Amino acid sequence: GYTAYYFVLQGCTPALVQPWTPVYEKPDTDCTYFHEWSQEQIEELRPDVVLMSTDTQDRYVREDGSYVDDSRDIAEMIEQGMRERIESLVPLTDRVVVLGDVPRLMFDPSMITDRGVTLADGLSAPMPRSMLMRRAVKAATKGTPAEYVETRQWFCAEDLCPVVVGDLITHRDR
């Protein structure tokens with residue numbers, strides 16, 4: 001009985017932050033417009049549930065227009081931007097749910113298709129930066145009505161994340 005609407009712009013996190021686009025070496029203004037547009041859509045729809053997930057870029061833009069590429073600074077920006085987004089959505093819906101991002105691997109998952117590679121070669125600890133960003137997103141939900149859904153256990157066990165589980169590929173290539 002649900003209708004799902006997908007508001008997704010590749011490279012644009014739902015966190016109210018502005019990414020730096022490496023393609024054009026400038027702030028990604030498309031993301032700013034997308035934030036405004038998606039907020040308007042949610043205001044109009046007044047959905048029962050807003051479900052968000054995110055991934056992060058390598059650089060973001062400060063208010064003064066300079067870019068940030070330090071992971072800790074980015075994590076702080078993501079935490080604050082997600083908190084602001086959550087707070088903007090709470091009055092518009094009965095429920096806000098934030099899914100933790102899939103932990104990134106230390107290598108490109110497509111390597112598992114190389115000749116001579118075994119399933120054991122497809123095990124990786126999660127990338128430290130990925131885990132830092134996941135913690136920032138989780139922290140953003142603290143003190144808000146949003147629910148955080150941990151996903152790491154779906155993709156990793158005992159601090160290792162396999163590319164293949166049974167006959168399923170758990171990660172996409174970059």
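How accessible is D55, in relative terms? D55 has a relative accessibility of 29% and therefore counts as partly exposed. This value, like every other in this report, is computed from a predicted model.

## Salt bridges between loops

In total, six salt bridges are found in the structure, and D55 takes part in one of them, with R104 as its partner and a separation of 2.4 Å between the closest N and O atoms. Because R104 belongs to the loop between β6 (95-99) and β7 (123-124) while D55 belongs to the loop between β3 and β4, this pair ties together parts that are 49 residues apart in sequence. R104 is partly exposed, its relative accessible area being 30%.

A second pair is formed by R59 and E25, whose closest N and O atoms are 3.3 Å apart. Here R59 sits in the loop between β3 (49-53) and β4 (60-61), and E25 in the loop between β1 (18-21) and β2 (26-27), so the salt bridge ties together parts that are 34 residues apart in sequence. R59 is partly exposed at 25% relative accessibility, and E25 is likewise assigned to the partly exposed class, with a relative accessible area of 45%.

## A salt bridge within helix α2

The side chains of R83 and E79 also meet in a salt bridge, with an N to O distance of 3.3 Å. Both residues belong to helix α2 (residues 71-89), where they are four residues apart and hence separated by about one helical turn. E79 has a relative accessible area of 25%, which places this residue among the partly exposed ones.

## Strand β3 and its two faces

Side chains alternate along β3: V50 and M52 are buried and point to one face, whereas V49, L51 and S53 point to the other face and are not buried. Strand β3 runs parallel to β6, and the two are joined by five bridges; within this pairing, V50 of the buried face stands opposite V96 in β6.

On the other face, V49, which is placed in strand β3, is partly exposed with a relative accessible area of 32%. Together with Y2 and L51, V49 makes up a nonpolar surface patch of about 350 Å².

## A buried acid without a salt bridge

Side chains of opposite charge can pair when their charged atoms come close. For D28, which is located in the loop between β2 and α1 (29-45), no such salt bridge is present although the residue is buried, and the nearest side chain of opposite charge, that of K26, is 8.0 Å away. Which backbone atom lies 3.1 Å from a polar atom of the D28 side chain? The backbone nitrogen of D30 is found at that distance.

## An exposed acid in the β10–β11 loop

D167 offers another setting for an acidic residue, in the loop between β10 (164-165) and β11 (168-169). With a relative accessible area of 73%, D167 is classed as exposed. The C-alpha atom of D167 is separated by 30 Å from that of T3, a residue lying 164 residues away along the chain.

Notes
Residues are numbered from 1 along each chain as its sequence is written. This is a predicted model: local features need pLDDT of at least 70, side-chain atom pairs count only at pLDDT 80 or more; totals for chains, interfaces and linings use all residues. Side-chain values use heavy atoms; hydrogens and water are left out. A salt bridge is a side-chain nitrogen of Lys or Arg within 4 Å of a carboxyl oxygen of Asp or Glu. Buried means under 20% relative accessible area, exposed over 50%, partly exposed in between (1.4 Å probe, protein chains only). Two strands pair if DSSP finds at least two bridges between them. Patches are made of residues with over 30% relative accessible area and no salt bridge: like charges are joined within 9 Å, nonpolar side chains (Val, Leu, Ile, Met, Phe, Trp, Tyr) within 5 Å. Accessible areas come from the Shrake-Rupley method with a 1.4 Å probe; for residues, only the protein chains shown count as cover. Lys and Arg count as positive and Asp and Glu as negative; His and the chain ends are not counted. A polar contact is a pair of N or O atoms within 3.5 Å; within protein, one must be able to donate a hydrogen and the other to accept it, and residues adjacent in sequence count only if both atoms are side-chain atoms.
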